[in-house]
Amino acid sequence: MDQTLSGEGHLPEPSQTLNLGNTNTVYAGFWIRFWAYLLDLLVIWSLNSLIVKPILVLFDLPLSDGGMFSLKAVIAAIIFYSYFVLMTRFFGQTLGKMLFAIKVVPKDLNENIPWITLLFREVIGRFISKTVFLIGYIIAGFTNEKQSLHDIFADTRVVHTRK
């Protein structure tokens, strides 16, 4: 794979490769994951616009955001976390990760991430990563295996799927 397309700009160090069967897979770094995440946020925003607002209007509920525990915020959070959990469970990647050809894999390289690990990574770990002033995401640029905080908690990796 052309490393310039991956956003890394350099060949991976030996500690940044993971042997998946007979092929070496390169860990996905901070920038490519950042762009994939931004695309996922756009998808989630679209889903919220297509689902949440019409439901609130249909049932004549307030559209104003009344804080973190408002009905709108709770439904938006359910959509946010459900998107990441379900896409990662059934495809190993979200739409953003699909576009950038990266995928979430467990450390022991099983095909599917166990449900409990997935829920921990995508709900609890992602919540913690977001609430620690995004440092939980930024550390992916500095760890050997390019893991963000929620990857470390769940013992997962994000790897490139194309060479």
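Reader: Hi! How do strand 3 and strand 4 pair?

Author: In this predicted model, strand 3 and strand 4 run antiparallel to each other and pair over five bridges. Strand 3 covers residues 102-106, and strand 4 covers residues 156-160.

Reader: Nice. Which residue in strand 4 is the bridge partner of P106?

Author: That would be T156, which is found in strand 4.

Reader: And is strand 3 mostly covered or mostly open?

Author: Mostly covered: four of the five residues in strand 3 are buried.

Reader: Let's stay with T156. Buried or exposed?

Author: T156 has a relative accessible area of 0%. The cut-off for buried is under 20%, so T156 counts as buried.

Reader: What does the side chain of T156 make polar contacts with?

Author: There is a polar contact with the side chain of R121 at 3.0 Å. Another polar contact, of 2.8 Å, joins the side chains of T156 and D151.

Reader: Which residues is T156 in contact with, leaving aside its neighbours within four places in sequence?

Author: The list includes V104, V105, P106 and K107. I113, T117 and R121 are also among the contacts of T156, as are Q147, H150 and D151.

Reader: OK, D151 keeps popping up. Which salt bridge does D151 make with R33, in terms of distance?

Author: The side chains of R33 and D151 meet at 2.5 Å, N to O. This pair links distant parts of the chain: R33 sits in helix 1 (residues 30-58) and D151 in helix 6 (residues 149-154), 118 residues apart. Both R33 and D151 are buried.

Reader: And R121, the other polar partner of T156? What does the side chain of R121 meet in a salt bridge?

Author: R121 meets the side chain of E122 in a salt bridge of 2.3 Å, N to O. E122 and R121 are both buried.

Reader: How many salt bridges does a search of the whole structure find?

Author: Five. One of them joins the side chains of E145 and R157, at 2.7 Å from N to O. E145 lies in the loop between helix 5 (135-138) and helix 6, while R157 is in strand 4, so this pair ties together parts that are 12 residues apart in sequence.

Reader: How exposed are E145 and R157?

Author: E145 is partly exposed, with a relative accessible area of 24%. R157 has a relative accessibility of 4%, so R157 counts as buried.

Reader: Which residues are joined into one network by salt bridges that share partners?

Author: R33, R121, E122 and D151. Two of those names will be familiar: R121 and D151 are the residues whose side chains make polar contacts with T156.

Reader: Switching topic: what is odd about the phi of D60?

Author: D60 has a positive phi of about 55°, although D60 is not a glycine. D60 lies in the loop between helix 1 and helix 2 (71-91), and at 71% relative accessibility D60 counts as exposed.

Reader: What about A101?

Author: A101 also has a positive phi of about 55° without being a glycine. A101 is in the loop between helix 3 (95-99) and strand 3. With a relative accessibility of 5%, A101 counts as buried.

Reader: Can you zoom out? How many helices and strands are in the chain?

Author: Six helices and four strands. Read along the sequence, the pattern is β-β-α-α-α-β-α-α-α-β. The chain has 163 residues, of which 39% count as buried.

Reader: How much accessible surface does the chain have?

Author: About 9500 Å², with 68% of that belonging to carbon and sulfur atoms.

Reader: And what share of the contacts comes from residues far apart in sequence?

Author: Counting contacts with a separation of 6 or more, 65% are between residues 24 or more positions apart.

Reader: Last one, before I head back to the bench. Where is confidence lowest and where is it highest?

Author: Confidence is lowest in strand 1 (residues 17-20), at a mean pLDDT of 47, and highest in helix 3, at 96. Over residues 1-19, pLDDT stays under 50, and the model has 42 contacts beyond four places in sequence for that stretch. For the chain, the mean pLDDT is 81, and 82% of the residues reach 70 or more.

Conventions. Residues are numbered from 1 along each chain as its sequence is written. This is a predicted model: local features need pLDDT of at least 70, side-chain atom pairs count only at pLDDT 80 or more; totals for chains, interfaces and linings use all residues. Side-chain values use heavy atoms; hydrogens and water are left out. Helices (H or I, at least four residues) and strands (E, at least two) are DSSP runs, numbered from the N terminus. Buried means under 20% relative accessible area, exposed over 50%, partly exposed in between (1.4 Å probe, protein chains only). A polar contact is a pair of N or O atoms within 3.5 Å; within protein, one must be able to donate a hydrogen and the other to accept it, and residues adjacent in sequence count only if both atoms are side-chain atoms. Contact means heavy atoms within 4.5 Å. Accessible areas come from the Shrake-Rupley method with a 1.4 Å probe; for residues, only the protein chains shown count as cover. A salt bridge is a side-chain nitrogen of Lys or Arg within 4 Å of a carboxyl oxygen of Asp or Glu. pLDDT is the predictor's confidence in each residue, from 0 to 100. Two strands pair if DSSP finds at least two bridges between them.
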